[in-house]
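Thanks for sharing this one with me. Here are my notes, in numbered points, to read alongside the coordinates.

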Amino acid sequence: MAEGGPPAPALGASAAPAPDLIGLDIWPASIALCRYVAAHPQLVASPGQHVLELGAGMGLVGLLCTKLGAASVLLSDYEPAVLAHLGSNVALNSLQPRCRTQQLDFRHPGAGLRPDQQRTWRLAVAADVLYCEAIVPHFIATLKLALHAQGVALVGHQVRRAVVLDPATRLPRLEESDGPLDAFMRDVAGEGLQLRVLSRRATCSNVDSDPMVLLAVGGQAAVLAGLPGA
Ligand SMILES: C[S@@+](CC[C@H](N)C(=O)[O-])C[C@H]1O[C@@H](n2cnc3c(N)ncnc32)[C@H](O)[C@@H]1O
């Protein structure tokens, strides 16, 4: 840097971070979660059921919950570009005003959920949000802030095992397990939430995908045993 002058811009640096467009796809875990919800519509269609979708992306699960008769559905995501498409999907399906969108970033859940929206949700849904380990503690914090003590979050997850370079053989190999899923299942109970694995077998027949796991996460007073298995 020239003395007294402005710092030279770093090569390739841009003013704003690139938008995170991962949510513009429909991910297989959302299809698996939709199948579970469609098989058990009483979960969403019970009187006064308000549903929160976290990391909604294109909102497939939340849109289905609205169509199945939920009293209201709030589709949330952190990415403005994704939220714009999400709003279009709600409009295209003529689901306003029962279905709405709202910005919610797992890293700042208190900023995304108004005080009257905190610890109130009796049903939340989330598909394929545990795709990297860094998200796990933030997602758990969001669940803690969002869920009513008797509330339940249905979490659909596509099992992925990272490819790593084996230091011994110097050959690529698959990790033994799914790191973010392991971290979530290990840490969620320590945060005062309950966990039940609803299914480890659910798959999507229309895509060649890894196995799906469906989890139910409950507040302290939730009765997870009452949920139907997948
Ligand atoms: C793999 S996509 C899944 C999208 C959709 N649920 C599905 O299954 O098709 C992950 C979603 O999580 C959202 N996401 C990532 N980080 C987030 C954060 N910190 N807070 C809220 N949403 C986040 C992304 O914008 C994206 O929509």
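1. A word on terms before the details: helices (H or I, at least four residues) and strands (E, at least two) are DSSP runs, numbered from the N terminus. Ala39 lies in helix H1. With a relative accessibility of 51%, Ala39 counts as exposed, because exposed means over 50%, buried under 20%, and partly exposed in between (1.4 Å probe, protein chains only). Ala39 also sits 8.5 Å from Ala230, C-alpha to C-alpha, although 191 residues separate the two in sequence.

2. Please keep the basis in mind: this is a predicted model, in which local features need pLDDT of at least 70 and side-chain atom pairs count only at pLDDT 80 or more, while totals for chains, interfaces and linings use all residues. Residues are numbered from 1 along each chain as its sequence is written, and side-chain values use heavy atoms, leaving out hydrogens and water.

3. Now the ligand. Which residues are closest to it? They are Trp27, Gly55, Asp77, Phe106 and Ala127, out of 19 that surround the ligand (a residue is near a molecule if one of its heavy atoms lies within 4 Å of it).

4. Three polar contacts (N or O pairs within 3.5 Å) deserve a look. A polar side-chain atom of Asp77 is 2.6 Å from a ligand oxygen. The side chain of Asp105 places an N or O atom 3.0 Å from a ligand nitrogen, and a polar backbone atom of Phe106 lies 2.9 Å from a nitrogen of the ligand. Taken alone, the ligand exposes 590 Å², and the protein buries 97% of that (Shrake-Rupley method, 1.4 Å probe).

5. Trp27 comes up again at the surface. This residue lies in the segment before helix H1 (28-39) and is partly exposed, with a relative accessible area of 31%. Together with Ile22 and Tyr131, Trp27 forms a nonpolar patch with about 250 Å² of accessible area. Such a patch joins nonpolar side chains within 5 Å, from residues with over 30% relative accessible area and no salt bridge (a Lys or Arg side-chain nitrogen within 4 Å of an Asp or Glu carboxyl oxygen).

6. Finally, the aromatics. There are two aromatic pairs in the structure (ring centres within 6.5 Å; planes under 30 degrees apart are stacked, over 60 edge-to-face, the rest tilted). Phe139 and Phe184 make a tilted pair, 5.8 Å centre to centre with 40 degrees between the planes. Phe139 belongs to helix H6 (residues 135-146) and Phe184 to helix H7 (residues 179-187), so the pair ties together parts 45 residues apart in sequence. Both are buried, and with Phe106 they form one aromatic cluster.

How values were computed. Patches are made of residues with over 30% relative accessible area and no salt bridge: like charges are joined within 9 Å, nonpolar side chains (Val, Leu, Ile, Met, Phe, Trp, Tyr) within 5 Å. A polar contact is a pair of N or O atoms within 3.5 Å; within protein, one must be able to donate a hydrogen and the other to accept it, and residues adjacent in sequence count only if both atoms are side-chain atoms. Rings of Phe, Tyr and Trp (its six-membered ring) pair if their centres lie within 6.5 Å; planes under 30 degrees apart count as stacked, over 60 as edge-to-face and the rest as tilted.
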